[in-house]
There are 4 protein chains.
Amino acid sequence: MFERTEEVKVMRDPIHGYIHVHYKVIWDCINAREFQRLRRIHQLGGDFQVYHTAEHTRFSHSLGVYEIVRRMVEEIEELSRSLSEYEKCAAMLAGLLHDLGHGPFSHAFEAVSDCHHEQFTQRILLEDSEIHRILSAADVRLPQDVADIIGYRYKNDLLNQLVSGQLDADRMDYLLRDAYFTGTSYGTFDMERILRTIRIQDAHLAVKESGIHSVEDYIMARYHMYWQVYLHPVARSYEIMIALLFERMKTLWKQKPSFFAGLEMFTPFLIGERVAIEALFLLDEAAALYGFALLTQRSDPILRDLAARVLDRRLFAYTQEEADTYAKICPIAKANGYDPQYYVHRDHVTQKPYSPYKGRQGTHVIWIVDEQGTLSELSEKSAIVSALVDAKVKEQHLVYYPAELEPFLTPGADAHTRQ
Amino acid sequence: MFERTEEVKVMRDPIHGYIHVHYKVIWDCINAREFQRLRRIHQLGGDFQVYHTAEHTRFSHSLGVYEIVRRMVEEIEELSRSLSEYEKCAAMLAGLLHDLGHGPFSHAFEAVSDCHHEQFTQRILLEDSEIHRILSAADVRLPQDVADIIGYRYKNDLLNQLVSGQLDADRMDYLLRDAYFTGTSYGTFDMERILRTIRIQDAHLAVKESGIHSVEDYIMARYHMYWQVYLHPVARSYEIMIALLFERMKTLWKQKPSFFAGLEMFTPFLIGERVAIEALFLLDEAAALYGFALLTQRSDPILRDLAARVLDRRLFAYTQEEADTYAKICPIAKANGYDPQYYVHRDHVTQKPYSPYKGRQGTHVIWIVDEQGTLSELSEKSAIVSALVDAKVKEQHLVYYPAELEPFLTPGADAHTRQ
Amino acid sequence: MFERTEEVKVMRDPIHGYIHVHYKVIWDCINAREFQRLRRIHQLGGDFQVYHTAEHTRFSHSLGVYEIVRRMVEEIEELSRSLSEYEKCAAMLAGLLHDLGHGPFSHAFEAVSDCHHEQFTQRILLEDSEIHRILSAADVRLPQDVADIIGYRYKNDLLNQLVSGQLDADRMDYLLRDAYFTGTSYGTFDMERILRTIRIQDAHLAVKESGIHSVEDYIMARYHMYWQVYLHPVARSYEIMIALLFERMKTLWKQKPSFFAGLEMFTPFLIGERVAIEALFLLDEAAALYGFALLTQRSDPILRDLAARVLDRRLFAYTQEEADTYAKICPIAKANGYDPQYYVHRDHVTQKPYSPYKGRQGTHVIWIVDEQGTLSELSEKSAIVSALVDAKVKEQHLVYYPAELEPFLTPGADAHTRQ
Amino acid sequence: MFERTEEVKVMRDPIHGYIHVHYKVIWDCINAREFQRLRRIHQLGGDFQVYHTAEHTRFSHSLGVYEIVRRMVEEIEELSRSLSEYEKCAAMLAGLLHDLGHGPFSHAFEAVSDCHHEQFTQRILLEDSEIHRILSAADVRLPQDVADIIGYRYKNDLLNQLVSGQLDADRMDYLLRDAYFTGTSYGTFDMERILRTIRIQDAHLAVKESGIHSVEDYIMARYHMYWQVYLHPVARSYEIMIALLFERMKTLWKQKPSFFAGLEMFTPFLIGERVAIEALFLLDEAAALYGFALLTQRSDPILRDLAARVLDRRLFAYTQEEADTYAKICPIAKANGYDPQYYVHRDHVTQKPYSPYKGRQGTHVIWIVDEQGTLSELSEKSAIVSALVDAKVKEQHLVYYPAELEPFLTPGADAHTRQ
């Protein structure tokens with residue numbers, strides 16, 4: 001039904017060997033400007049501050065997710081048989097386009113801007129955009145159906161699970177990709193074996209019992225990547241500083257909008273109203289970083305300073321938070337001329353390796369299927385995972401502050417300077 | 001003190017890049033006949049029956065253990081400073097020579113022969129052998145000290161821990177090496193980081209808190225390798241058949257020793273008395289496999305059949321053991337002409353990911369050291385490991401029998417043929 | 001002499017395992033703003049347009065070159081013995097800082113701007129910069145000596161060779177790194193073996209005869225990377241479009257400088273006079289890309305169009321150049337409204353695998369040293385390399401033009417659209 | 001037509017990820033005793049004496065060749081379309097079974113025994129064997145057709161080319177596999193790309209012009225593997241000693257056959273008459289090595305000594321051969337009690353990277369096909385390969401002798417002891 005490319009298009013990829021494209025609509029989406037924009041958004045917010053080679057973008061990751069979905073719908077026999085060509089294409093497109101709405105330094109930015117990437121992704125698909133036109137031209141139902149799969153509300157729940165379940169193409173790609181580009185071994189697991197052991201049972205994606213070890217490995221990979229990469233205190237430091245910088249811009253915007261003349265790259269997001277798609281298109285990391293460079297020459301001393309710290313990587317130091325840590329650091333900061341609102345920050349993060357939760361049609365569960373076709377939730381079948389579910393939640397409570405303050409803190413405090 | 005090689009000797013190794021040898025006594029041991037014999041003993045008993053590329057030998061593994069010990073005593077600063085050159089060499093030699101006494105298909109063979117490789121290793125070091133002469137010539141204390149380190153009774157406990165603690169050179173090499181040669185990803189962990197974070201505290205090897213994730217990864221790698229490789233039912237099938245074959249030989253030996261004329265490669269081990277070192281030297285896997293080939297032409301139908309099965313890989317099938325499985329299969333085997341003693345076998349294996357046990361000077365514990373120099377046992381610091389310690393022990397209860405019997409078993413039994 | 005870091009600083013790196021830093025002056029340079037700026041300059045100009053994961057920056061590469069120089073001066077015994085600590089540090093710093101002056105899309109940009117990165121690198125080292133202050137504080141001679149090593153004019157020629165000979169740390173890092181990040185196997189060679197076989201003979205770096213195969217492999221890796229990556233027609237297309245875009249800006253600047261109000265990121269380079277170091281500091285790829293985004297909304301139709309093509313990856317198509325290709329395409333372009341000066345471009349590239357040239361103290365030669373200590377130029381010892389030296393030079397003559405023109409070209413022309 | 005396995009059978013393989021088996025006849029052949037025997041024949045004769053991890057067998061390699069043929073006939077579109085299922089299966093079987101006739105230490109052994117593995121392979125396929133019965137049962141034509149493909153005389157020449165052309169499945173697998181198991185990088189090339197660019201043109205396998213770099217890389221990989229692995233002087237030393245050992249056995253056999261009582265593993269090959277298939281089946285490396293162990297206790301001093309050297313790796317030393325080297329060493333050997341016939345050996349090897357030879361239907365040529373469908377021989381299209389074709393042939397002329405003789409040789413001779 002969908003037009004095929006003249007011959008299969010391939011793109012070299014270190015994670016998957018090659019990305020294979022057979023359909024013209026997919027090839028056209030890759031070449032659309034909203035998708036090409038993802039080349040200017042890093043995949044990992046602040047992690048390249050710790051792992052200097054983690055410089056890969058959402059562009060590469062999106063291609064990788066597409067490729068995994070493609071393999072799933074073509075190679076998992078029960079999926080390949082039961083899905084129509086239309087549904088297969090829609091699923092592949094959902095994999096490809098699921099991150100379209102990400103802004104620069106995404107999580108830091110979203111935290112202060114009220115602009116959620118999920119919502120932007122939906123708008124790019126459904127409003128007037130090059131992507132929207134390409135999808136509509138191929139099939140008038142596509143924009144809505146792709147948006148529905150990404151939004152986890154498509155009528156055939158299998159497609160939702162492929163793109164964003166607990167064992168989905170998104171996570172599989174980012175764990176492997178982030179491990180490769182950070183140069184760590186934490187994120188590796190045997191995707192080939194997982195793909196080979198996925199079955200469809202009672203309308204759920206489920207892994208055969210013989211694949212259970214690969215899934216345990218995947219759960220551990222996820223857990224380790226969180227603590228070693230995604231929540232690394234130094235990466236958090238960078239993200240926190242960017243969030244504080246935006247915080248400061250929001251305050252200034254309310255007080256004195258004229259300050260932002262010549263800083264138009266930031267204004268749409270400060271306005272806070274419904275931003276035009278086109279404005280989003282313009283706000284990429286190039287724009288933000290150039291904006292930071294301009295801020296270093298502006299009059300507001302806080303923005304000027306924070307922007308220079310971000311660009312030159314003079315990251316905040318951090319220390320374990322005890323009962324009174326925050327209360328003790330704030331006056332020290334103040335005494336040294338730093339406004340605690342922008343210079344002292346408490347950061348609490350927790351992460352469980354895996355939490356089965358059987359609501360919402362079983363989405364948040366990894367299913368195991370035995371030879372009799374009975375489904376069990378992963379932790380019922382895996383002693384290891386069961387132990388992890390019961391494990392004490394690991395927490396990280398830190399207070400961040402300018403490294404220059406360290407000599408003023410009580411001696412003996414366990415402070416870390418950058419890297 | 002020890003003579004150095006003219007220039008550093010290097011051997012290419014896929015796991016470590018290169019094996020580096022600086023001392024003549026080590027180079028000479030590598031070239032000794034008892035060490036070269038390890039080229040004729042596979043590292044993994046029956047696993048190449050499942051993972052066909054797992055064809056590596058104890059020779060390569062022994063070089064790898066040596067290389068890790070060498071790096072430990074040279075690169076871990078506190079070890080490098082505190083150990084004498086003599087102790088460093090003794091530790092490296094212990095790493096190199098710790099597997100010297102292994103016989104063919106080691107665990108299967110030991111199970112029936114009362115010949116334990118640990119004891120043979122000690123004898124090769126201490127009795128009249130080429131290795132013994134090389135060590136004595138370098139320093140008269142060496143044979144006993146190397147044997148003591150391997151036996152975990154050397155006076156400086158650090159050396160014992162390097163070679164056979166819970167986080168020792170032996171395990172680190174075999175996990176990485178077995179993963180590489182099976183082609184699986186299960187055994188990978190970040191050895192570089194572990195080596196970088198090892199410290200000496202209160203006479204214990206301990207890992208800095210910042211290395212705790214690498215150690216968690218190592219524990220999981222170990223766990224997965226056990227279930228995916230070392231205890232794989234198909235690998236067990238091969239090892240069980242070899243054990244049954246030796247069992248049968250023992251019985252025949254008691255009844256009719258003349259049967260073994262022309263099968264002299266087996267006799268020393270059947271005699272059961274104190275075997276000469278030289279006899280051990282001759283019993284390698286080449287001898288055993290050739291002996292099996294001869295057995296296929298001998299009159300005893302059981303040996304004849306079992307030997308042919310082993311050589312031609314007609315492995316026993318297996319099924320989950322329920323209360324009466326064994327009782328049900330035995331008469332079926334008998335009715336089909338198979339003596340249950342040699343043709344039906346129950347196999348129970350269990351494996352915990354990690355069990356801290358603080359006896360014997362803390363050997364069986366992985367220690368974590370914090371910035372204040374306080375030691376804690378790993379599971380006190382790691383929520384994951386703590387959960388694993390409390391996890392239900394995973395068990396595998398199987399019954400093995402000739403695959404030809406499958407049609408005679410109750411239909412519906414969950415039987416697996418080879419691979 | 002130089003202050004050491006408290007403990008060795010390490011940074012994970014997929015190419016080298018870890019980058020190790022022992023000296024405070026090196027650590028401080030890494031943290032200097034001019035060095036951090038390299039995070040905003042891609043290592044490969046247009047190659048991420050072909051190999052989408054080639055998104056790594058000059059920051060990572062510079063760390064890698066530093067690490068190789070560090071290993072050379074520490075691990076090559078004759079270097080380690082003969083160089084003073086001062087010279088070792090100066091060489092490591094030269095490796096680290098050799099790319100400091102690169103601008104955005106470096107080669108494309110240099111082609112039109114008269115701003116050569118070599119010259120900027122020298123100025124950053126010698127004029128008033130954070131790097132200059134750090135180097136001077138460590139040793140007043142350092143800025144000039146580091147600049148001299150990078151400029152290949154330091155008095156001890158060995159240091160020049162380490163950083164920029166024919167078999168230098170720069171090339172070794174980029175071949176391995178670019179291969180890793182493109183996901184191709186072309187750039188791999190056995191660096192470990194080359195490092196192990198480097199000797200010093202008659203004041204030249206030379207490779208022992210036993211390492212000759214590794215060097216042949218390195219020469220081939222270089223050759224293949226050129227054709228498969230660096231000179232790939234699609235990568236060239238991107239670089240050519242950026243060069244044409246700058247060309248157009250230069251023309252406009254002469255006609256109407258007021259056009260550039262609000263485009264201050266570009267002006268310093270258009271002025272053409274001696275740019276201030278600070279201006280260079282600001283011109284990174286973030287600034288250039290944001291500038292391009294602004295250009296898409298400006299009045300000049302050529303800049304507007306070319307900038308949008310670059311951002312959205314609507315790359316020029318290309319065809320083999322025959323005698324009259326260029327002459328035929330130009331009027332077709334014109335007839336379709338495209339000014340040939342900015343829309344039709346001839347590109348000629350050639351590349352030899354290796355050209356020995358024995359001038360200038362033998363710089364451009366790879367020396368092989370035999371067991372008698374006699375030096376020979378590589379191609380005298382290697383039949384393969386000798387054949388390559390005599391090989392016909394491979395050439396690539398292409399004409400680039402907008403892909404929309406393809407239907408208008410003579411049918412049968414061998415035109416390639418993007419990717 | 002052919003019966004399929006119940007579900008696809010997979011075997012983990014580090015080179016190919018997984019080996020996939022869809023047909024019962026192929027699965028049965030893998031499980032046949034003549035194929036399982038290949039587990040007891042190393043892939044590389046003496047190379048594990050240099051690269052200690054090169055312990056892989058012809059069993060793994062044969063599975064790898066099968067997998068590449070399978071991918072070729074399924075993934076190369078023009079092959080997939082034009083071949084019948086019968087021809088596809090025959091080609092896959094030919095890939096799997098092409099090495100069936102190899103004896104122990106194959107090349108060394110063949111050199112003296114007049115037993116060529118090609119001929120044995122044909123006999124196992126065509127005479128009474130388990131493999132023959134399996135093939136015949138699947139299709140009565142199969143044994144002959146598989147034998148014909150392996151013998152390069154099948155009527156559809158494409159099948160011959162797949163298994164043993166210049167760019168065939170056999171070489172591709174062994175280069176990649178030997179590189180992996182030696183731990184060197186020399187044998188790597190981009191097989192994925194080569195497979196993707198293979199086309200059928202005028203009944204020839206040909207590579208598209210865009211794949212030419214991958215083919216150049218493959219040619220270089222081949223060349224380097226020859227010199228760094230296959231022809232390594234230390235590996236040759238081991239193979240030469242085994243050849244001399246067999247030489248000595250042949251002489252003794254003629255003089256005194258009774259010597260071989262109890263050494264029956266060797267007799268069939270000494271008899272020199274048409275050996276029974278069953279005798280070949282028994283002569284594997286286990287038998288040969290056990291035979292060597294027995295020889296160390298026999299009366300003939302030459303066999304006794306050579307066998308012990310082989311088992312204990314006391315390899316011959318070697319020196320460059322000058323005009324009179326051999327003539328000088330022989331009397332020295334004699335004077336020290338060594339019979340030069342068995343203790344001094346000249347070895348001459350040469351290797352060209354690639355020699356196009358257009359006879360025999362173009363077999364010995366790699367074809368390149370351009371966009372117009374014109375075929376050219378590789379060296380006409382590749383400047384690099386053309387240069388290599390014209391390169392001086394590299395030669396290695398060495399004389400081997402017992403290492404103990406070194407002190408007696410003229411001082412200054414360039415002698416190498418083991419490794």
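This passage looks at how the chains are related, how chains A and B touch, and how two helices of chain C pack. The model is a predicted one, so local features need pLDDT of at least 70 and side-chain atom pairs count only at pLDDT 80 or more, while totals for chains, interfaces and linings use all residues. Residues are numbered from 1 along each chain as its sequence is written, and chains are lettered from A, with ligands numbered from 1, in the order in which they are written.

Take chains A and B to begin with. Chain A lands on chain B after a rotation of 180° with 0.0 Å of shift along the axis, and the RMSD is 0.0 Å (copies are superposed by least squares on the C-alpha atoms of residues with pLDDT of at least 70 in both). The two copies are thus related as by a two-fold rotation axis. Within chain A, the residue that comes closest to this axis is Ala387(A), with its C-alpha at 2.4 Å.

Chain D can be put on chain B too, again by a rotation of 180° with 0.0 Å of shift along its axis and an RMSD of 0.0 Å. Here Ala286(D) is the residue of chain D that comes closest to the axis, at 2.0 Å for the C-alpha.

What does the meeting of A and B look like? In this pair, 24 residues of chain A are in contact with 24 residues of chain B (contact means that the C-beta atoms of two residues, placed from the backbone, lie within 7 Å). On chain A's side, α13 (212-230) and α22 (383-390) each supply at least two residues; helices are DSSP runs of H or I with at least four residues, numbered from the N terminus. That side of chain A divides into ten nonpolar, seven polar and seven charged residues (Ala, Val, Leu, Ile, Met, Phe, Trp, Tyr, Cys and Pro count as nonpolar, Asp, Glu, Lys and Arg as charged, and the others, Gly among them, as polar). Since 100% of the interface residues of chain A are also interface residues in chain B, the copies meet through the same surface. The same goes for chain D: 100% of its interface residues are also interface residues in chain B, so these copies meet through the same surface.
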